[in-house]
Amino acid sequence: MSITRETPPPPPTNTTSSSLPVRTIPGSYGWPLAGPIMDRLDYFWFEGEDKYFRKRMEKHKSSVFRTNIPPSFPLFLGINPNVIAVLDVESFSHLFDMELVEKKNVLAGEYMPSTSFTGGQRVCIYLDTSEPKHSELKNFAMDILKRSSTIWAPTLTSNLDTMWDSIESDISKSGSAAYATPLKKFLFSFLTQCLVGVDPSKSPKVAKHGYTWLEKWLALQLIPTVKVGLLQPFEELFLHSFAYPSFLVTGGYKKLAQFVEEAGKEVINRGQTEFGLTKQEALQNLMFILGFNAFGGFAKFFPTLLSILGTDKTGLQEKLRKEVRHKCGSSTLSFESVKELELVQSFVYETLRLNPSVPLQFGRARKDFKLSSNDSVFEIKKGELLCGYQPLVMRDGKVFNDPEKFIPGRFTKEKGRELLSYLYWSNGPQTGSPSESNKQCAAKDHVTITASLFVAHLFQRYDSITCNSSGSITAIEKAK
């Protein structure tokens, strides 16, 4: 496996080039009711998300077009599924210009789960930067991460040792070990310790059930917008046709919230005294950071990371192992030490490029403006909803050479690092900085460093790991 270098074009500028032709946005929303329903069936059933966007991009010969995004009629009344898809890096970058778009209640497009899932609070992720409370809540989130940084790496590695001990035991007993559940247990324990400030083992019930409570809470909010894989037409009839009520998961959520309220008093008090939040605002946003942002994101990302590693046949593991052993040896891992692991970090970035935890990004036009794509300029009207499908945007051939191929070394060396200006997985570019004035993920840097720590720890402990396509580890070779 060779480490490919690339020479990127200048970064997107969100300015309209006078040399580009002005074009009417192609595509349509179809007949009322019928159009959104047919698009929904294509999106979830007949085509799937990836083919849905690719097919329409080819049909219209444009990376910008009008279409519909689920959920829609019949039982999602008041939700307008009409969107303008933006599917190349240049057009997609407009979604992160806060002067052009607003982010109020558009995390999942027009659909927003009931605030009853979050104790009646509209948490930070649903607020636009223009709303006064956004600054207080975003700064609160960034403060939690800043303060947790001192214990983040040692807490991660100690919990990873516990997880790998358990997996090794399962392999010795049965010859293989499914890694999904051990990963979720590890993530819940690690993140609760770092973000809330307490080990969940202090409550046996929380330690045993906490991660499943979060899983169910997450699932009921997202089900109308994601493909689950249930036999059709049952998935369409029972999962995508209506929003599930929060009372189905209230019991577990309240138990966990009570534990967080009691165990995380210091964090919650800081939210009140230093950031002007009410107790409920601090608690519910802390719960959302723990459950949706952190646990939900990592629970999707880490299995992908492990699967790519464990099924690779190109010699990637050997290259990563050599870098980790050469740069870190058996020393204690830290935020600073993994920053020296260029290939490890590039591998993490490439995984995020092709497998972003949040595939769709939305933004509503604050005003009329001109949107430029790779080859055209389009008139956007105030109030129109823009939708970017990230897995396709991150395969823009005008930015990334051989864009469909997984190239672990894509982001190495100077030219590779310049490509980070185009890596949008965190509601902004990898070269951006989260602040109260934007919607970029507060934990952007924590995510990539944590993943790098995960990989580095793995190759300090093991020489190799083998996984199968069904999500099990079938062999591990301890470090010699």
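Partly exposed denotes a relative accessible area between the buried limit, under 20%, and the exposed limit, over 50%. The close-up views below show a predicted model.

**View 1. Phe 234 and Phe 238 form a stacked ring pair in helix H7**. At 42% relative accessibility, Phe 234 falls between the two limits and is therefore partly exposed. Phe 238 is likewise classed as partly exposed, its relative accessible area being 44%. The two ring centres are 6.4 Å apart and the planes meet at 5°, so this pair is stacked. Helix H7 spans residues 234-238, and the two phenylalanines, four residues apart, are separated by about one helical turn. The structure holds 28 aromatic pairs.

**View 2. Phe 298 and Phe 302 form an edge-to-face pair in helix H10**. Here the ring centres lie 5.1 Å apart with the planes at 65°, an angle over 60 degrees, so the pair is edge-to-face. Both residues belong to helix H10 (residues 279-311) and are four residues apart, about one turn of the helix. Phe 298 has a relative accessible area of 4% and is therefore buried. Phe 302 is also buried, at 0% relative accessibility. Both rings take part in a cluster linked by ring pairs, whose members are Trp 152, Phe 186, Phe 190, Phe 298, Phe 301, Phe 302 and Phe 454.

**View 3. Two arginines place their charged ends over aromatic rings**. The charged end of Arg 56 sits over the ring of Tyr 52, at 3.8 Å from the ring centre. In the other example, the ring of Phe 400 lies beneath the charged end of Arg 353, with 5.0 Å between that end and the ring centre.

**View 4. Strand E5 is mostly covered and pairs with strands E3 and E8**. Strand E5 comprises residues 360-365, and six of its six residues are buried. In a regular strand the side chains alternate between the two faces of the sheet. Leu 360, Phe 362 and Arg 364 point one way from E5, whereas Gln 361, Gly 363 and Ala 365 point the other way. With strand E3 (residues 101-102), E5 pairs in the antiparallel sense over two bridges. With strand E8 (residues 385-389), the antiparallel pairing of E5 extends over five bridges. Arg 364 takes part on both sides: Arg 364 is the bridge partner of Glu 102 and stands opposite Leu 385 in E8.

**View 5. Ile 69 is buried in the loop between strands E1 and E2**. The loop that holds Ile 69 connects strand E1 (64-68) with strand E2 (82-86). Ile 69 has a relative accessible area of 7% and is therefore buried. Leaving aside neighbours within four places in sequence, Ile 69 is in contact with Tyr 43, Phe 53, Pro 81, Val 83, Phe 362 and Cys 387. One of these partners, Phe 362, belongs to the set of E5 residues that point one way together with Leu 360 and Arg 364. For Ile 69 and Val 348, the C-alpha to C-alpha distance is 29 Å, and the two residues are 279 residues apart in sequence.

**View 6. Strands E4, E10 and E9 form an open sheet**. The three strands follow the order E4-E10-E9, with antiparallel pairing. Strand E4 (177-178) and strand E9 (462-467) are the edge strands, and each pairs on one side only. Between E4 and strand E10 (residues 472-478), the antiparallel pairing involves two bridges. Ala 177 has Ile 473 in E10 as its bridge partner.

**View 7. Cys 441 is listed as a binding site in an unreviewed UniProt entry**. Cys 441 lies in the loop between helix H15 (413-418) and helix H16 (444-461). Its relative accessibility is 27%, so Cys 441 counts as partly exposed. Beyond residues up to four places away in sequence, Cys 441 touches Ser 426, Asn 427 and Pro 434.

**View 8. Residues 1-16 have a pLDDT below 50**. Across the protein the pLDDT averages 95, and 96% of the residues score at least 70. Over residues 1-16 the value is below 50, and this stretch has 45 contacts in the model beyond near neighbours in sequence.

Definitions and conventions
Residues are numbered from 1 along each chain as its sequence is written. This is a predicted model: local features need pLDDT of at least 70, side-chain atom pairs count only at pLDDT 80 or more; totals for chains, interfaces and linings use all residues. Side-chain values use heavy atoms; hydrogens and water are left out. Rings of Phe, Tyr and Trp (its six-membered ring) pair if their centres lie within 6.5 Å; planes under 30 degrees apart count as stacked, over 60 as edge-to-face and the rest as tilted. Buried means under 20% relative accessible area, exposed over 50%, partly exposed in between (1.4 Å probe, protein chains only). A charge sits over a ring if NZ of Lys or CZ of Arg is within 6 Å of the ring centre and within 35 degrees of the ring normal. pLDDT is the predictor's confidence in each residue, from 0 to 100. Contact means heavy atoms within 4.5 Å. UniProt positions are given in the numbering used here, feature names are shortened, and annotations may be inferred rather than shown by experiment. Two strands pair if DSSP finds at least two bridges between them.
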